[in-house]
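These are my notebook entries on a single protein chain. I began with the overall fold and then turned to the core, the charged pairs and the backbone.

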Amino acid sequence: MLLGDKNFKPIAPGMKYRHYAPKEPVYLLEGEAVGLLPMLVNKALAAGLKVGVLCDAAMRTRIEQALGSGAAEAGAASALQERILLSCWGESREALAADLFYLLRDFDRTKPDVILAQGVSEDGIGLAIMNRLRKAAGYQIITLENGVLTLKGDKQLPAFMIQ
């Protein structure tokens, strides 16, 4: 049987459309869109969402700086920190590959409204990582096309990303 066959029953978990997938919606940022992750986190927070973020240590620093510059008062910064769940893998893609299942499934425990995931380059182990991230996101992939955020597959971007 083929994957496109509606009667296809996967014989292994990795053959499913969504694998390693948290219950909450996951959006995978690829290419130039990765640089917009701090802005998208801020937009989601401004829309009142509890946001899960899967990123490396450098992006974590950028997000924390963006949050700090956006919150003029200490109380406002504290309130934001309660609504953002940063799940980071450090500097090594090997560490990400080893911990990816745990990092994604931990979002089921923390229950964000939406999860934004940073894509990685597809060289070496990055190809396997991106395969798993794409499946976890149910192929909801955010790219930047001609300076405009786009959700692949001609789907509508979530409302908080458009504002």
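**Entry 1: the strand register.** I first looked up the contact partner across two strands: which residue stands opposite Tyr-27 in S4? I found that Tyr-27 faces Leu-116. The model is a predicted one, and I read every entry below with that in mind. The two strands concerned, S1 (residues 26–29) and S4 (residues 114–118), run parallel and are joined by four bridges.

**Entry 2: the sheet.** I then traced the sheet to which these strands belong. It is open, has six strands, and follows the order S3-S2-S4-S1-S5-S6 with mixed pairing. I noted S3 (84–88) and S6 (148–151) as the edge strands, each of which pairs on one side only. Ignoring direction, I recorded an average turn of 25° between neighbouring strands of this sheet.

**Entry 3: the chain as a whole.** I counted six helices and six strands in the protein chain. Along the sequence I read the pattern β-α-β-α-α-β-α-β-α-β-β-α. Among contacts between residues at least 6 apart in sequence, I noted that 74% join residues at least 24 apart. I also recorded that 42% of the 163 residues count as buried. The exposed surface of the chain comes to about 8900 Å², and carbon and sulfur atoms supply 54% of it.

**Entry 4: helices across the sheet.** I looked up two helices that lie against strands. H1 (residues 37–46) lies across S1, S2 (51–55), S3, S4 and S6, and runs at about 170° to S2. H5 (residues 126–136) lies across S1, S2, S4 and S5 (141–145), and its angle to S1 is about 145°.

**Entry 5: the nonpolar cores.** I next asked which residues have the most contacts inside the largest nonpolar core. They are Leu-37, Ile-63, Leu-116 and Ile-142, in a core of 24 residues. I listed the elements that give two or more residues to this core as S1, H1, S2, H2 (57–70), S4, S6 and H6 (159–162). H1 provides the largest share, five residues. Apart from this core I found another, of 18 residues, which includes Leu-28, Val-120, Met-130 and Leu-133.

I returned to Leu-116, the residue opposite Tyr-27. Beyond its neighbours within four places in sequence, Leu-116 is in contact with residues including Leu-37, Leu-40, Val-41, Val-51, Val-53, Phe-160 and Met-161. Tyr-27 and Leu-29 are also among the contacts of Leu-116.

**Entry 6: the salt bridges.** I searched for charged pairs: how many salt bridges does the whole structure hold? The search finds six.

Arg-60 forms one with Glu-64, with the closest N and O atoms 3.0 Å apart. The two residues are four apart in H2, and therefore about one helical turn separates them. I noted Arg-60 as partly exposed, at 30% relative accessible area, and Glu-64 likewise as partly exposed, at 38%.

In H4 (residues 93–110) I looked up Asp-108 and Arg-105, which lie three residues apart, about one turn of the helix. Their side chains meet in a salt bridge, at 2.9 Å from N to O. Asp-108 has a relative accessible area of 11% and so is buried, whereas Arg-105, at 34%, counts as partly exposed.

Asp-106 and Arg-109 form a further salt bridge, with closest N and O atoms 2.8 Å apart. These residues are three apart in H4, again about one helical turn. Asp-106 is buried, with a relative accessible area of 17%, while Arg-109 counts as exposed at 59%.

I also recorded a network of salt bridges that links Glu-30, Glu-122 and Arg-134.

**Entry 7: positive phi.** Last, I checked the backbone for positive phi in residues that are not glycine. Lys-111 has a phi of about 55°. I located Lys-111 in the loop between H4 and S4, where Lys-111 is exposed with a relative accessible area of 53%. Asp-154 also has a positive phi of about 55°. This residue lies in the loop between S6 and H6, and I noted Asp-154 as exposed, at 82% relative accessible area.

Conventions
Residues numbered from 1 in each chain as written. Predicted model: local features only at pLDDT ≥ 70, side-chain atom pairs only at ≥ 80, totals over all residues. Heavy atoms only, no water. Pairing = 2+ DSSP bridges. Axes fitted to C-alpha atoms, helices over the stretch in contact; angles between N-to-C directions. Contact = heavy atoms within 4.5 Å. Core = buried A, V, L, I, M, F, W, Y, C linked by side-chain atoms within 4.5 Å. Buried < 20%, exposed > 50% of the residue type's maximum accessible area, 1.4 Å probe, protein only. Areas by Shrake-Rupley, 256 points an atom, 1.4 Å probe, with all protein chains shown as cover. Salt bridge = Lys/Arg side-chain N within 4 Å of Asp/Glu carboxyl O.
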